[in-house]
Structures are given as structure tokens and as C-alpha cells.
Amino acid sequence: CLYRIYTEDRRNLPYLANSYFDGYTLIQGQGYWKGKPEQSAIIEIMTDNKWDVLTLAEDIKRENNQEAVLITKQEIETVLV
């Protein structure tokens, strides 16, 4: 499964994600929450370990004092070449 965690972009994201996953993609950009711009990030993780994704999102929410962190899940087929 491909999971995406949408959150504010903070310097601690790699540190937090490294605690759970050996590999992931961190995409940085600008997002909007309640009409206000903020530095945002998407962490993409290929895994079947839903609980580590949920725990990472909870850690991000708590450590960054956020109201919410969004997680999406997409079933995909992968091929490693």
C-alpha cells in the first residue's frame, strides 16, 4: 500500500520518520489550513504496516502540536526493476 501523511513541514520530520521506516519520500511545498498558508510536507511510504504509519502520524501531530494530520491510503501494484 502507498500511504501519504500530510502535515506541516518541520525539521523534525526525517528524524520522526526514520524511527519507523528505512525508506520513504519527503515532498515539501506550500499548503493552506483554514485559509492560511503554511509550509507543508507529504511523507510517502510504501508499506503494509498500517500501525507504524498511524503511530508516526500521531507522533508528528503530538511533537508539532498540530490540530490534525491527514493520512491517505492507496492500493497499488508495484514492480521493482
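Here are some numbered notes on this predicted model, from the overall fold down to single residues.

1. Let me start with the overall layout. The chain holds 2 helices and 4 strands, and from the N terminus on these elements follow the order β-α-β-β-α-β. The radius of gyration is 13 Å, close to the 12 Å that the globule rule gives for 81 residues, so the chain is as compact as a globular protein of that length. For framing a box, the C-alpha trace spans about 40 × 20 × 20 Å along its principal axes.

2. Next, burial and contact order. Of the 81 residues, 31% count as buried. If you take the contacts between residues at least 6 apart in sequence, 66% of them join residues at least 24 apart.

3. The nonpolar core deserves a look. In soluble globular proteins, nonpolar side chains tend to be buried together. Here the largest nonpolar core has 15 residues, and Ile 5, Ile 43, Ile 45, Leu 56 and Ile 60 touch the most other members. Strand E1, helix H1 (13-18), strand E3 and helix H2 (50-63) each supply at least two residues of this core. Helix H2 gives the most, with 4 residues.

4. Ile 60 is a handy residue to select in your viewer. Leaving out residues up to four places away in sequence, Ile 60 touches Ile 5, Thr 7, Leu 13, Leu 16, Ile 43, Gln 66 and Val 69. Two of these partners, Ile 5 and Ile 43, are also among the core residues that touch the most other members.

5. Now the pocket. The largest pocket encloses about 250 Å³ of space. Its lining is made of 13 residues, and the closest to the pocket centre are Tyr 6, Trp 33, Glu 38, Gln 66 and Ala 68. Strands E1 (2-8), E2 (25-33) and E3 (36-46) each contribute at least two lining residues. By class, the lining has 6 nonpolar, 4 polar and 3 charged residues.

6. Tyr 6 links the pocket to the strands. This residue lies in strand E1 and is one of the residues closest to the pocket centre. Is Tyr 6 buried, exposed or partly exposed? Its relative accessibility is 30%, so Tyr 6 counts as partly exposed. Beyond its neighbours up to four places away in sequence, Tyr 6 touches Ala 41, Ile 42, Val 69, Leu 70 and Thr 72. Tyr 6 and Ala 57 are 51 residues apart in sequence, yet their C-alpha atoms are 8.9 Å apart in space.

7. A second tyrosine, Tyr 24, sits in the loop between H1 and E2. With a relative accessible area of 24%, Tyr 24 is partly exposed. Not counting neighbours within four places in sequence, Tyr 24 is in contact with Pro 14, Ala 17, Asn 18, Ile 43, Glu 44 and Ile 45. From Tyr 24 to Tyr 3 the C-alpha distance is 9.9 Å, with their positions 21 residues apart in sequence.

8. Finally, two backbone angles to check. Lys 34, in the loop between E2 and E3, has a positive phi near 55 degrees although this residue is not glycine. Lys 34 is exposed, with a relative accessible area of 61%. Asn 65, in the loop between H2 and strand E4 (70-74), is not a glycine either and has a positive phi of about 50 degrees. Asn 65 is exposed, with a relative accessible area of 71%.

Notes:
Residues are numbered from 1 along each chain as its sequence is written. This is a predicted model: local features need pLDDT of at least 70, side-chain atom pairs count only at pLDDT 80 or more; totals for chains, interfaces and linings use all residues. Side-chain values use heavy atoms; hydrogens and water are left out. On a 1 Å grid over the protein atoms alone, a cavity is a set of points where a 1.4 Å probe fits but cannot get out, and a pocket is an open set with protein on both sides within 12 Å along at least five of seven lines; lining residues have an atom within 4 Å of a point. Grid points are joined across faces, edges and corners, and a volume is the space filled by probe spheres set on the points. Ala, Val, Leu, Ile, Met, Phe, Trp, Tyr, Cys and Pro count as nonpolar, Asp, Glu, Lys and Arg as charged, and the others, Gly among them, as polar. A nonpolar core is a set of buried Ala, Val, Leu, Ile, Met, Phe, Trp, Tyr and Cys residues joined through side-chain atoms within 4.5 Å. Buried means under 20% relative accessible area, exposed over 50%, partly exposed in between (1.4 Å probe, protein chains only). Contact means heavy atoms within 4.5 Å. The radius of gyration is taken over C-alpha atoms; the globule rule is 2.2 Å times the number of residues to the power 0.38.
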